[in-house]
Structure formats: C-alpha cells, structure tokens
Amino acid sequence: MNAMTEQAQEKPQLTEAEQKQKYNFNKLVKRLRHNVGDAINDFNMIEDGDRVMVCLSGGKDSYTMLDILLSLQKSAPIDFSIVAVNLDQKQPGFPEHILPTYLAEIGVEHRIIEEDTYSIVTRVIEEGKTTCGLCSRLRRGILYRVADELGATKIALGHHRDDILETLFLNMFYGGKLKGMPPKLVSDDGKHMVIRPLAYCREKDIEKYSAAREFPIIPCNLCGSQPNLQRQVIGDMLRDWDRRFPGRLETMFTAMCNIVPSHLADPKRYDFVNAKADGTPRADGDKAFDRETFTDPSRISILSSKPAASACGDAS
C-alpha cells in the first residue's frame with residue numbers, strides 16, 4: 001500500500017451533519033462573493049490601480065467586507081490594493097490589541113489611528129443624550145484625513161442591504177424624504193469616493209459568515225451611548241416583515257433600484273409643470289384606469305426581477 005493510499009485511509013470522514021454544514025457554508029461564501037462582485041461591477045466601485053481604504057470597526061460587517069474583498073482581490077481581472085484602517089477613539093475598555101493582532105496575522109497592510117474623540121464627545125454632549133451624531137462627524141473627518149495621507153482612492157464602508165433599507169425608512173418616517181444610503185457616492189467634502197461593497201448583502205448572511213469565520217468581534221457599546229431608538233424601531237419592523245413575509249425585503253430593495261420619478265411627486269426631479277400630452281406613447285405614462293397587479297414576493301428574487309439595464313444585485 002503506497003503512502004497516498006495510507007493518507008487517504010487515515011483522513012477522517014465527515015459526518016452527515018458536518019458535510020451539510022460545509023455545503024451550506026460554501027453556498028454562503030459563493031452568495032456573498034457574488035453579491036459583492038455584482039455591487040462592485042454595477043456601480044463601478046473599484047477600478048484598476050485603486051487603493052481601497054477599508055474602514056474596520058471590529059464588527060461583523062467590516063470584518064466580512066475586508067475578508068470578501070481580499071478574496072476577490074486574488075481573482076479580480078484588475079489590480080487594486082487594500083489597506084485596512086481602524087480608528088481607536090479611546091473608549092474605556094476598548095481592546096486595542098485585537099485588531100492589530102488580527103491584521104498582522106492575516107498579513108494585510110493596515111494602520112491604527114489613535115484619536116481621543118471619546119473625551120471630546122463626553123465633554124460636549126449632555127449626559128443621557130445620544131453621542132452618535134457628534135461621534136460620527138468627528139470620525140468621518142479623521143478618516144477623510146487618513147485617506148489623504150494613505151493616498152486612498154476609495155473609502156470602503158461596511159453598510160449592507162438591511163442598513164440601506166433602514167435608512168430609507170428612517171428618512172421616510174422621521175425625515176420626510178425619500179432617501180436611502182447609496183452604494184457609491186462622493187463624500188460631502190467633495191474629495192473622496194465612498195463605496196459600500198456589501199450593498200447587496202443580507203445582514204443574516206453576514207451574521208452566519210462572521211460566526212463561521214470566528215472573527216474576533218469587538219462590542220459596539222463600549223462608549224456607553226444610548227442606542228439609536230429610531231433605527232432600532234425600524235430594524236425591528238424590517239426583521240418582523242422578513243419573518244412573516246419572506247421576500248418582502250428583497251422586493252423593497254429592488255424598488256430602490258427601479259425608481260420611476262414620473263410616478264412620485266417631486267417637481268424638482270420630474271418636470272410636471274411643463275408636461276404636455278403630445279400624442280407620443282411613453283413607458284412611464286399614467287395608467288390610471290388599469291388595475292395594478294403584483295407578483296408574490298416570495299416567488300421572485302432581485303436578480304430575476306431586475307431589468308437588463310438596471311443596477312441591482314441578487315440578494316436571494
């Protein structure tokens with residue numbers, strides 16, 4: 001008996017449960033890679049020669065984003081570099097050793113920024129009030145500065161599909177705007193391009209992937225700030241819909257990719273004032289006397305329902 005046969009015999013066989021777990025994990029990996037790849041292609045997020053600054057918080061989303069981007073980098077038809085950046089804001093109890101150790105172990109270029117924004121926020125914000133607004137503004141300014149220092153051409157954030165939908169409903173319910181969180185947009189200072197490679201990814205897929213990969217998660221409640229109750233209410237609503245009406249979130253996200261301005265009511269986005277009936281048929285014309293019919297959302301996916309020319313990913 002040769003050595004290869006002996007090694008094959010010595011290799012332990014997977015149980016049926018282990019085989020199923022491995023199969024499901026491989027499907028999950030393919031789905032996430034597919035979703036991230038589609039988002040990058042649909043919105044031209046990453047181009048040849050880009051230097052992508054991946055903002056790493058220590059949460060499941062940013063770990064997953066970095067992991068998938070590193071995986072895609074190996075097989076991408078373009079050449080781009082990745083630098084991971086973490087901002088240590090000096091919250092009490094922050095385990096500052098975790099991220100440097102992890103990033104060094106996986107061999108990715110990284111930079112840890114130490115800025116005591118925690119002291120600033122706690123000094124300025126009245127006790128008991130949420131600190132998230134000021135904290136995020138300070139963090140944004142620091143990350144923009146670091147992007148300049150590193151020569152980064154893209155700033156990658158870990159917001160996923162559920163974050164985008166939550167933002168849409170937050171603006172509708174509390175802000176009176178039909179506004180979400182775009183997969184790609186120029187920063188408010190006009191100097192940087194912000195991308196969200198996880199835009200087509202479901203949070204529940206990210207949770208499963210993060211657990212399977214055993215990322216060293218850092219808790220997000222170290223600052224002691226009150227939670228964003230409005231976002232929590234919206235998140236609970238969406239999770240309830242997802243449980244009771246499978247496919248509803250997919251359909252809602254598809255809607256964000258298929259906007260019809262003529263069927264809304266914003267005169268700044270559609271010229272209602274000068275609209276004329278000139279006898280020319282039009283696809284976005286009114287069909288007031290037609291009865292609308294809708295497909296059961298549990299029977300469709302984002303990919304199957306998107307027009308060929310549309311930019312929208314498969315979240316199935």
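This short presentation covers the central sheet, one residue of helix 3, and the salt bridges of the structure shown above.

Good morning, colleagues. Please keep in mind throughout that we are discussing a predicted model.

I begin with the sheet. It is open, consists of six strands in the order 3-2-1-4-6-5, and has mixed pairing. Its edges are formed by strand 3, residues 110-114, and strand 5, residues 184-186, each of which pairs on one side only. From one strand to the next, the twist averages 25 degrees. As a reminder, strands in a sheet pair through backbone hydrogen bonds, in either a parallel or an antiparallel sense. A parallel case here is the pairing of strand 4, residues 154-156, with strand 6, residues 193-195, which extends over two bridges. Within these strands, Ile155 stands opposite Val194 of strand 6.

Which helices pack on this sheet? Helix 3 does so, with contacts to strand 1 (51-55), strand 2 (81-88) and strand 4. The direction of helix 3 makes about 165 degrees with that of strand 2. Helix 4, residues 98-106, also packs on the sheet, where it touches strand 2 and strand 3. For helix 4, the angle with the direction of strand 3 is about 170 degrees.

Let me stay with helix 3, which spans residues 60-75 and includes Thr64. Is Thr64 buried or exposed? Its relative accessibility is 0%, and because buried means under 20%, Thr64 counts as buried. Leaving aside residues up to four places away in sequence, Thr64 touches Leu32, Ile206, Tyr209, Ser210 and Phe215.

I now turn to charged side chains. In general, side chains of opposite charge can pair when their charged atoms come close. How many salt bridges does the structure hold? There are 25, and I shall describe three of them individually.

Asp205 forms a salt bridge with Arg31, with the closest N and O atoms 3.0 Å apart. Asp205 belongs to helix 8, residues 203-213, and Arg31 to helix 2, residues 16-42, so this pair ties together parts that are 174 residues apart in sequence. The partners have their own accessibility values: Asp205 is buried at 1% relative accessible area, whereas Arg31 is partly exposed at 21%.

Helix 8 also contributes to the next example. There, the side chains of Arg213 and Asp67 meet in a salt bridge with an N to O distance of 2.9 Å. Because Arg213 lies in helix 8 and Asp67 in helix 3, the pair ties together parts 146 residues apart in sequence. Arg213 is partly exposed, with a relative accessible area of 34%, while Asp67 counts as buried at 12%.

The last example joins Glu250 and Arg161, whose side chains meet at 3.0 Å, N to O. What does this pair tie together? Glu250 lies in helix 10, residues 248-256, and Arg161 in helix 7, residues 161-175, so the link connects parts that are 89 residues apart in sequence. Glu250 is buried at 8% relative accessibility, and Arg161 is buried with a relative accessible area of 1%.

Finally, some of these residues belong to a wider arrangement. Arg31, Arg161, Asp162, Arg202, Asp205 and Glu250 are linked in a network of salt bridges. The Asp205 and Arg31 pair and the Glu250 and Arg161 pair thus have their residues in that network.

Thank you for your attention.

Terms used: Residues are numbered from 1 along each chain as its sequence is written. This is a predicted model: local features need pLDDT of at least 70, side-chain atom pairs count only at pLDDT 80 or more; totals for chains, interfaces and linings use all residues. Side-chain values use heavy atoms; hydrogens and water are left out. Helices (H or I, at least four residues) and strands (E, at least two) are DSSP runs, numbered from the N terminus. Buried means under 20% relative accessible area, exposed over 50%, partly exposed in between (1.4 Å probe, protein chains only). Contact means heavy atoms within 4.5 Å. A salt bridge is a side-chain nitrogen of Lys or Arg within 4 Å of a carboxyl oxygen of Asp or Glu. Two strands pair if DSSP finds at least two bridges between them. Axes are lines fitted to C-alpha atoms, for helices over the stretch in contact, and angles run from 0 to 180 degrees between N-to-C directions.
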